[in-house]
Amino acid sequence: QVQLVESGGGLVQPGGSLRLSCRADGFILARYVVGWFRQAPGKEREGLACISRTGTFTNYTDSVKDRFTVSRDGAKMTVSLQMNSLKPEETGTYYCAAEIANLSTEHCRLENTGQDYWGKGTQVTVSS
């Protein structure tokens, strides 16, 4: 079955950290640009971070810069999102999404339309 699977969500206190992981089943994630997105209750899904096919280019939305880090683990064929200094308003469902990479450029984008695959999401709750 072709799918993306997120893991690593849970309950964390404000100021705490979590590490999310995105795994591809049925296709080679290394051939895709990968993004992380969040949908908070009552809000639209927003792009948080993305990473290019080789990992040489990353992009972050302003609200998570210097706190979140997206990376590729080539050996495990996964993409991770390290989240530090989490805030209560960052509670929501976190998704990873993949789109086939343009081999002529290293780039990624935070728009949440046009991706080829989406995971079902993992819940992150930031609360004391």
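This is a short talk on the strands, the core, the cavity and a few loop residues of one structure.

Hi everyone, and thanks for coming. One thing before we start: what you see above is a predicted model. I'll walk through it strand by strand, then look inside, and finish with some loops.

Let's begin with the open sheet. Four strands make it up, in the order β1-β3-β8-β7, and their pairing is antiparallel. At the edges sit β1, residues 3-7, and β7, residues 68-73, each of them pairing on one side only. From one strand to the next, the twist averages 20°. If you'd like a place to put your finger, try β7 and β8: 6 bridges join these two antiparallel strands, with β8 covering residues 78-83. Phe68 has Met83 in β8 as its bridge partner. Keep Met83 in mind, please, as we'll meet it again.

Now over to β4, residues 32-39. Is this strand covered or uncovered? Mostly covered: 7 of the 8 residues in β4 are buried. β4 has antiparallel partners that we can look at in turn. With β9 it shares 8 bridges, and one pair to look for is Phe37 with Tyr95 in β9. With β5 it shares 5 bridges, again antiparallel, and here Trp36 has Ala49 as its bridge partner. β4 and β5 also form a hairpin, with 6 residues between them. In that turn you'll find Gly42, whose phi is positive, about 75°.

Following β9 onwards takes us to β11. These two run antiparallel, joined by 3 bridges, and Tyr94 is partnered with Thr122 in β11. β11 also pairs with the short stretch β2, residues 10-12, over 3 bridges, and this time the sense is parallel. There, Gly10 stands opposite Val124 of β11.

While we're on β11, have a look at its two faces. In a regular strand, side chains alternate between the two faces of the sheet. In β11, Thr122, Val124 and Val126 make up the covered face, whereas Gln123 and Thr125 make up the uncovered one.

Let's go inside. In soluble globular proteins, nonpolar side chains tend to be buried together. Here the largest nonpolar core has 27 residues. Which residues have the most contacts inside this core? They are Leu4, Leu29, Trp36, Val70, Leu81 and Met83. So there is Met83 again, the partner of Phe68, and Trp36, the partner of Ala49. Many strands feed this core: β3, β4, β5, β7, β8, β9 and β11 each supply at least two of its residues. The largest share, 4 residues, comes from β3.

Next, the empty space. Rolling a probe the size of a water molecule over the atoms shows where such space is left. How many cavities of 30 Å³ or more does the structure hold? The count is 1, and the volume is about 30 Å³. Its lining consists of Val33, Val34, Gly35, Phe37, Ala97, Glu99, Arg109 and Gln115. β4 and β9 are the elements that give two or more residues to that lining, and β4 gives the most, with 4. By type, the lining divides into 4 nonpolar, 2 polar and 2 charged residues.

Last stop: the loops. Pro14 sits between β2 and β3. Why does Pro14 count as partly exposed? Because its relative accessibility is 39%, and partly exposed covers the range between 20% and 50%. Along the chain, Pro14 and Glu89 are 75 residues apart, yet their C-alpha atoms are separated by 9.5 Å.

Asp66, in the loop between β6 and β7, has a positive phi of about 75° although it is not a glycine. Asp66 counts as exposed because its relative accessibility is 83%. Ser85 lies in the loop between β8 and β9, and it too is a residue other than glycine with a positive phi, near 50°. With 38% relative accessibility, Ser85 counts as partly exposed.

Finally, Leu103 belongs to the loop between β9 and β10. At 65% relative accessibility, Leu103 counts as exposed. From Leu103 to Leu4, the distance is 21 Å between C-alpha atoms, with their positions 99 residues apart in sequence counted as the separation.

That's the tour. Thanks for listening!

How values were computed:
Residues are numbered from 1 along each chain as its sequence is written. This is a predicted model: local features need pLDDT of at least 70, side-chain atom pairs count only at pLDDT 80 or more; totals for chains, interfaces and linings use all residues. Side-chain values use heavy atoms; hydrogens and water are left out. On a 1 Å grid over the protein atoms alone, a cavity is a set of points where a 1.4 Å probe fits but cannot get out, and a pocket is an open set with protein on both sides within 12 Å along at least five of seven lines; lining residues have an atom within 4 Å of a point. Grid points are joined across faces, edges and corners, and a volume is the space filled by probe spheres set on the points. Ala, Val, Leu, Ile, Met, Phe, Trp, Tyr, Cys and Pro count as nonpolar, Asp, Glu, Lys and Arg as charged, and the others, Gly among them, as polar. Two strands pair if DSSP finds at least two bridges between them. Axes are lines fitted to C-alpha atoms, for helices over the stretch in contact, and angles run from 0 to 180 degrees between N-to-C directions. A nonpolar core is a set of buried Ala, Val, Leu, Ile, Met, Phe, Trp, Tyr and Cys residues joined through side-chain atoms within 4.5 Å. Buried means under 20% relative accessible area, exposed over 50%, partly exposed in between (1.4 Å probe, protein chains only).
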